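Open the model in your viewer and keep the selection tool at hand. The tour goes stop by stop, with something to select at each one.

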Amino acid sequence: MISGEKIIEILVSIGDKIEENKVYLTELDASIGDGDHGLNMSKGFLAVKEALKDVDSKNIGGILKKAGMALVSHVGGASGPLYGTAFMKAAVIVNDKESVGIDDFINILKAAIDGVVMRGKAQEGDKTMLDAIMPAYRAGKASREEGKACSEVLEAVSNAALKGAENTEKIAAKKGRASYLGDRSIGHKDPGAVSASIMLKTIYDCLK
Ligand code: ADP
Ligand code: MG
């Protein structure tokens, strides 16, 4: 089982990875959007780090809720409210839990997807962050149902997210700023799908 302390550590690591990839994410967004995704995510996760300094580590739902609220209120771009809603929906699943396991994680992914869909009305195949998170969720669920060990489940999630993000290169955007480009968005990876895959890979790297 994973403690709240560990969850905080993972969120801080995600912030570090986002920081490392800030320029890359911004370049991806410069090709098909307005070139601020790296900046938005960096700003958002710095706010998350700040917000978690005085959080009660015994309530994992509280940790995720605080992180979500920090993202919603500190990021100007579309990704802030979308990721923020994902975290806040995930928080509900683990409210008052002191520790979480792999089944909680799968349920968190599902709740996060529902939050993003509720807020942004996109579907899989629209070239958004969902194209990383949805296949990741399915891979994790399938791996869990096959009775795989936790680290293998997390690896399956991470790999499927990376593959999903890669695949966004082949499709045209139907939601978000990139949709203004239509077919001209083909040939570029979706920045949000890439940031989502970075987050899910960081979770695996922190827990394997
Ligand atoms: P903005 O588009 O406002 O500049 P960002 O650049 O930070 O915000 O984020 C862009 C990313 O947000 C996209 O790459 C995409 O993955 C995601 N996104 C945009 N609109 C939606 C939506 N309706 N549903 C899900 N994800 C979306
Ligand atoms: Mg942008």
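Start with Tyr137. Beyond its neighbours within four places in sequence, Tyr137 is in contact with Ile106, Leu109, Lys110 and Ile113. This is a predicted model. Tyr137 sits in helix 7. Its relative accessible area is 14%, so Tyr137 is buried. Now add Asn59 to the selection. Tyr137 and Asn59 are 78 residues apart in sequence, and their C-alpha atoms are 24 Å apart in space.

**The annotated span**

Select residues 5-205. The UniProt annotation "domain: DhaL", from an unreviewed entry, covers this span. Of residues 5-205, 70% is helix and 1% is strand. Mark the two ends: their C-alpha atoms lie 16 Å apart.

**The nonpolar core**

Which residues have the most contacts inside the largest nonpolar core? Select Leu11, Phe45, Leu64, Phe105 and Leu200. The core itself has 58 residues. In soluble globular proteins, nonpolar side chains tend to be buried together.

Zoom in on Leu11, in helix 1 (residues 4-20). Is Leu11 buried or exposed? Leu11 has a relative accessible area of 5%, so it is buried. Show what surrounds Leu11. Setting aside residues up to four places away in sequence, Leu11 touches Phe45, Leu52, Ile63, Leu64, Ala67 and Phe87. Two of the names from the core list, Phe45 and Leu64, are among these contacts of Leu11. Next, draw a distance from Leu11 to Ser185. Their C-alpha atoms are separated by 31 Å, with their positions 174 residues apart along the chain.

Move to Leu200. Its contacts, leaving aside neighbours within four places in sequence, are Phe105, Leu109, Ala136, Val157, Ser158 and Ala161. Phe105 is another name from the core list. Leu109 also came up at the first stop, as a contact of Tyr137.

**A glycine in helix 3**

Select Gly44, in helix 3 (residues 37-51). Gly44 has a relative accessible area of 0%, so it counts as buried. Which residues does Gly44 touch, not counting those up to four places away in sequence? They are Leu71 and Val75. Then add Ser57. Gly44 and Ser57 are 13 residues apart in sequence, and 20 Å apart from C-alpha to C-alpha.

**Two helices side by side**

Colour helix 2 (residues 22-32) and helix 9 (residues 191-207). They pack at an angle of about 160°, with their axes 9 Å apart. That angle makes helix 2 roughly antiparallel to helix 9. Show the side chains at the contact. Helix 2 brings Tyr24, Leu25, Leu28, Asp29 and Ile32. Helix 9 brings Pro191, Val194, Ser195 and Ile198.

**A loop and its contacts**

Follow the chain back from helix 9 to Ala172, in the loop between helix 8 (150-167) and helix 9. At 15% relative accessibility, Ala172 counts as buried. Setting aside residues up to four places away in sequence, Ala172 touches Gly125, Asp126, Lys127, Gly182, Asp183, Ser185 and Ile186. For a distance, pick Tyr24. The C-alpha atoms of Ala172 and Tyr24 are separated by 20 Å, and the two residues are 148 apart along the chain.

**Two positive phi values**

Stay with one contact of Ala172, namely Lys127. Lys127 lies in the loop between helix 6 (102-120) and helix 7 (130-145). Its phi is near 65°, a positive value in a residue other than glycine. Lys127 is buried, at a relative accessible area of 1%.

Now jump to Asp96, in the loop between helix 5 (79-93) and strand 2 (99-100). Asp96 is not a glycine, yet its phi is positive, at about 65°. Is Asp96 buried or exposed? With 59% relative accessibility, Asp96 counts as exposed.

**The cysteines**

Last stop: select Cys150 and Cys206. How many disulfides does a search of the whole structure find? It finds zero. A disulfide is a covalent bond between the sulfur atoms of two cysteines. Why is Cys150 not in one? The closest cysteine sulfur to that of Cys150 is in Cys206, 15 Å away, too far for a bond. Both residues can be found at the surface view: Cys150 is partly exposed, with a relative accessible area of 42%, and Cys206 is partly exposed at 22%.

Note on methods: Residues numbered from 1 in each chain as written. Chains lettered and ligands numbered in written order. Predicted model: local features only at pLDDT ≥ 70, side-chain atom pairs only at ≥ 80, totals over all residues. Heavy atoms only, no water. UniProt positions renumbered as here; feature names shortened; annotations may be inferred. Helix = DSSP H or I, 4+ residues; strand = E, 2+ residues; numbered from the N terminus. Core = buried A, V, L, I, M, F, W, Y, C linked by side-chain atoms within 4.5 Å. Buried < 20%, exposed > 50% of the residue type's maximum accessible area, 1.4 Å probe, protein only. Contact = heavy atoms within 4.5 Å. Disulfide = S-S within 2.5 Å. Axes fitted to C-alpha atoms, helices over the stretch in contact; angles between N-to-C directions. Parallel < 35°, antiparallel > 145°, perpendicular 65-115°, else oblique.
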